[in-house]
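Please open the model in your viewer and keep the sequence panel beside it, since this tour moves from one selection to the next.

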Amino acid sequence: MIRHVILFKFKASASRQQRQEAFGRLKDLGTKLPQAREWSVGLQASRRDKAYDMAQVSSFDDLSALEEFRREPEHGKVREYLLKVADWIVVDYEFKE
């Protein structure tokens, strides 16, 4: 299994409405694409100096399933929106159930 973890930092120029839109689009993406076995999205719950604003964590059967997911047009639409309002870092790691 592959765990796909993304941490998002909203741009200073991102309005509250854009941040809510980003959260909603990312959350909905997990319900639209079958490759993800698990999908969760959350907003930062505490204030910390080094904190990111939003996280998305998902699981895939393998790297090929993750790559198939990344090629989906719906993923591309959400990614294009997020590029306007946030920066992010990603880690993909292998784990056993």
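**First stop: a charged pair between two loops**

Begin by selecting Arg37, which counts as partly exposed because its relative accessibility is 47%. Keep in mind throughout that this is a predicted model. Now add Asp61 to the selection, and you will find that it forms a salt bridge with Arg37, in which the closest N and O atoms are 2.7 Å apart. The pair links distant parts of the chain, for Asp61 sits in the loop between strand 3 (54-60) and helix 2 (63-71), while Arg37 sits in the loop between helix 1 (16-32) and strand 2, and the two are 24 residues apart. Asp61, like its partner, is partly exposed, with a relative accessible area of 41%.

**Second stop: a pair across two strands**

Next, select Glu38, which lies in strand 2 (residues 38-43), together with Arg3, which lies in strand 1. These two form a salt bridge whose closest N and O atoms are 2.8 Å apart. Because the partners belong to these two strands, the pair ties together parts that are 35 residues apart in sequence. Which of the two is buried, and which is partly exposed? Glu38 counts as partly exposed at 44% relative accessibility, whereas Arg3 is buried, with a relative accessible area of 18%, and the cut-off for buried is under 20%.

**Third stop: a buried histidine**

Stay in strand 1 (residues 2-10) and select His4. His4 is buried, with a relative accessible area of 6%. If you then display the residues around His4, leaving aside those up to four places away in sequence, you will see that it touches Gln56, Val57, Ser58, Phe60, Leu66, Val90, Val91 and Asp92. Among these contacts, look at Asp92 with care, since a polar contact of 2.4 Å joins its side chain to the side chain of His4.

**Fourth stop: along helix 3**

Finally, select Glu74 and Lys77 in helix 3 (residues 73-85), where they are three residues apart and therefore separated by about one helical turn. Lys77 forms a salt bridge with Glu74, and here the closest N and O atoms are 3.9 Å apart. Lys77 counts as exposed at 53% relative accessibility, while Glu74, at 25%, counts as partly exposed. Add Lys32 to this selection as well, because salt bridges that share partners join Lys32, Glu74 and Lys77 into one network.

How many salt bridges are counted in the model? The count comes to six, and those visited on this tour are among them.

How values were computed: Residues are numbered from 1 along each chain as its sequence is written. This is a predicted model: local features need pLDDT of at least 70, side-chain atom pairs count only at pLDDT 80 or more; totals for chains, interfaces and linings use all residues. Side-chain values use heavy atoms; hydrogens and water are left out. Helices (H or I, at least four residues) and strands (E, at least two) are DSSP runs, numbered from the N terminus. Buried means under 20% relative accessible area, exposed over 50%, partly exposed in between (1.4 Å probe, protein chains only). A polar contact is a pair of N or O atoms within 3.5 Å; within protein, one must be able to donate a hydrogen and the other to accept it, and residues adjacent in sequence count only if both atoms are side-chain atoms. Contact means heavy atoms within 4.5 Å. A salt bridge is a side-chain nitrogen of Lys or Arg within 4 Å of a carboxyl oxygen of Asp or Glu.
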